[in-house]
Amino acid sequence: MYSEKVMDHFENPRNVGEIPDANAIGQVGNAKCGDIMKMYMKIENDVIVDCRFKTFGCGAAIATSSMATEMVKGKTIEEAKKLTNKAVMEALDGLPPAKVHCSVLAEEAIEAAIADYYERRGETYEKKKTCDGCCGNCSGH
């Protein structure tokens with residue numbers, strides 16, 4: 001059902017916890033399944049130097065949070081803004097259709113943290129539309 005990578009990121013999640021001096025924090029949740037993701041970032045010179053998460057949810061939610069933090073750490077904000085749920089799923093060698101919403105939440109959590117970063121700086125940030133209605137389970141519905 002789950003790939004080896006999903007199981008590895010669930011059993012050995014990377015980047016778990018808070019960043020005490022985070023300057024970007026985003027939280028998203030899905031009322032249908034109860035998953036809640038909170039992303040913490042430390043951004044310096046428009047580069048994400050650290051990214052951590054706290055997730056309450058299923059194994060797929062934890063695995064996608066873990067993988068997403070790995071994928072944006074060391075990237076510029078512009079690079080991180082391009083992260084998609086599909087890229088997270090591909091990096092994990094796929095997810096069952098019923099768990100696609102977890103990858104959407106990971107993408108949304110990263111974007112929420114970036115939006116918070118801009119807000120703290122007094123700048124506006126227009127969030128992208130993350131859901132294309134593929135599964136009907138994400139927080140965009």
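# Exercises on a predicted protein model

From the N terminus on, the elements of the protein run α-β-β-β-α-α-α-α; helices (H or I, at least four residues) and strands (E, at least two) are DSSP runs, numbered from the N terminus. This is a predicted model, in which local features need pLDDT of at least 70 and side-chain atom pairs count only at pLDDT 80 or more, while totals for chains, interfaces and linings use all residues. Residues are numbered from 1 along each chain as its sequence is written, and side-chain values use heavy atoms, without hydrogens and water.

**Exercise 1.** Determine how the radius of gyration of the protein compares with the globule rule.

*Solution.* The radius of gyration is taken over C-alpha atoms, and the globule rule is 2.2 Å times the number of residues to the power 0.38. For 141 residues the rule gives 14 Å, and the radius of gyration of the protein is 14 Å, so the protein is as compact as a globular protein of that length.

**Exercise 2.** Describe how strands E2 and E3 are joined.

*Solution.* Two strands pair if DSSP finds at least two bridges between them. Strand E2 (residues 36-44) and strand E3 (residues 47-56) run antiparallel and are joined by nine bridges. Lysine 42, for instance, has aspartate 50 in E3 as its bridge partner. The two strands form a hairpin with two residues between them, and asparagine 45 in the turn has a positive phi of about 50 degrees.

**Exercise 3.** Check the span of helix H5, and state its part in the largest nonpolar core.

*Solution.* The expected span of a helix is 1.5 Å times one less than its number of residues. The 21 residues of H5 should therefore span 30 Å; the end C-alpha atoms of H5 are 31 Å apart, which agrees. Next, 19 of the 21 residues of H5 are buried (under 20% relative accessible area, with a 1.4 Å probe and protein chains only). A nonpolar core is a set of buried Ala, Val, Leu, Ile, Met, Phe, Trp, Tyr and Cys residues joined through side-chain atoms within 4.5 Å. The largest such core has 38 residues; Ile110 and Ile114 are among those with the most contacts inside it. H5 gives the most to this core, with 12 residues.

**Exercise 4.** Classify the two aromatic pairs of the structure.

*Solution.* Rings of Phe, Tyr and Trp (its six-membered ring) pair if their centres lie within 6.5 Å; planes under 30 degrees apart count as stacked, over 60 as edge-to-face and the rest as tilted. Tyrosine 117 and tyrosine 118 lie 5.9 Å centre to centre with 75 degrees between the planes, an edge-to-face pair. Tyrosine 118 and tyrosine 125, at 5.2 Å and 0 degrees, are stacked.

Key: Buried < 20%, exposed > 50% of the residue type's maximum accessible area, 1.4 Å probe, protein only.
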